[in-house]
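Reader: Please give me a close look at a single part, the stretch nearest the start of the chain. I would like to know what it holds, what it touches and how open its residues are, with the cut-offs behind the words you use.

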Amino acid sequence: MSCPICDGETNVDYRPFCSKRCADIDLGKWLNGAYAVPSQDPEDLENALEQVERNPQTKH
Ligand SMILES: [Zn+2]
């Protein structure tokens, strides 16, 4: 099994991801509705995560 974000080796602490970072990226994908966008570009995921970190409270 490998990390669904970066295809790296899964870390048992963060499975199915390899790290907290990749877990956060996956969460960011959900929060931004990025799953609706057919993109596998890692940079898009990075951008999505940055937006989440920049605006953590979307509901004010
Ligand atoms: Zn990863």
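Author: Helices (H or I, at least four residues) and strands (E, at least two) are DSSP runs, numbered from the N terminus. On that basis, the secondary structure of this protein comes to 2 helices and 0 strands. The model is a predicted one, in which local features need pLDDT of at least 70 and side-chain atom pairs pLDDT 80 or more, while totals for chains, interfaces and linings use all residues. Numbering runs from 1 along each chain as its sequence is written, and side-chain values use heavy atoms, leaving out hydrogens and water.

The stretch you ask about is the segment before helix H1, with H1 itself spanning residues 20-31, and its central feature is a metal site. A zinc ion is coordinated there by the SG atoms of Cys3, Cys6, Cys18 and Cys22, at distances of 2.3 to 2.4 Å; donors are N, O and S atoms within 2.8 Å of the metal (3.2 Å for Na, K and Ca), and sites may look incomplete without water. Along the chain, these zinc donors follow the spacing C-x2-C-x11-C-x3-C. Cys6 belongs to the segment before H1 whereas Cys22 belongs to H1, so this pair ties together parts of the chain that are 16 residues apart in sequence.

What is the arrangement of the 4 donor atoms around the zinc ion? The angles that they subtend run from 100 to 118 degrees, and it is these values that make the arrangement tetrahedral. (Four donors are tetrahedral if all angles lie between 85 and 135 degrees; four are square planar and six octahedral if opposite donors are over 155 degrees apart and all others between 65 and 115; anything else is irregular.)

The donors can also be looked at for their openness, where buried means under 20% relative accessible area, exposed over 50% and partly exposed in between (1.4 Å probe, protein chains only). Cys22, the donor in H1, counts as buried, its relative accessibility being 7%. Cys6, the donor in the segment before H1, is partly exposed instead, with a relative accessible area of 45%. For the protein as a whole, 22% of the 60 residues count as buried.

Beside the zinc donor Cys6, the segment before H1 also contains Ile5 and Asp7, and these two residues can be set against each other. Ile5 is buried, with 17% of relative accessible area, whereas Asp7 is exposed, with 57%. Asp7 has a further feature in its backbone: its phi is near 70 degrees, which is a positive value in a residue other than glycine.

Which residues does Ile5 touch, once its neighbours within four places in sequence are left aside? Its contacts (heavy atoms within 4.5 Å) are with Phe17, Cys22, Ile25, Asp26, Lys29 and Leu45. One of these partners, Cys22, is itself a donor to the zinc ion. As for distances in space, Ile5 and Arg21 are 16 residues apart along the chain, and their C-alpha atoms are separated by 9.6 Å.

Further along the segment before H1 comes Pro16, where the backbone again deserves attention. The peptide bond that joins Arg15 to Pro16 is cis, with omega at about 10 degrees. Ser19 is likewise found in the segment before H1, and with a relative accessible area of 21% it is partly exposed. Between Ser19 and the zinc donor Cys3 there are again 16 residues along the chain, and the separation of their C-alpha atoms is 8.6 Å.

From here the picture can be extended to later parts of the chain, beginning with Glu46, which lies in helix H2. Glu46 is partly exposed, at 29% relative accessible area, and, not counting residues up to four places away in sequence, it touches Arg21 and Ile25. Although Glu46 and the zinc donor Cys22 are 24 residues apart in sequence, their C-alpha atoms are 9.6 Å apart in space. Among the contacts in the protein with a separation of 6 or more, 16% are accounted for by residues 24 or more positions apart.

Between H1 and H2 runs a loop, and Gly33 lies in it. With a relative accessibility of 36%, Gly33 counts as partly exposed, and its C-alpha atom is separated by 9.3 Å from that of Ala48, 15 residues away along the chain.
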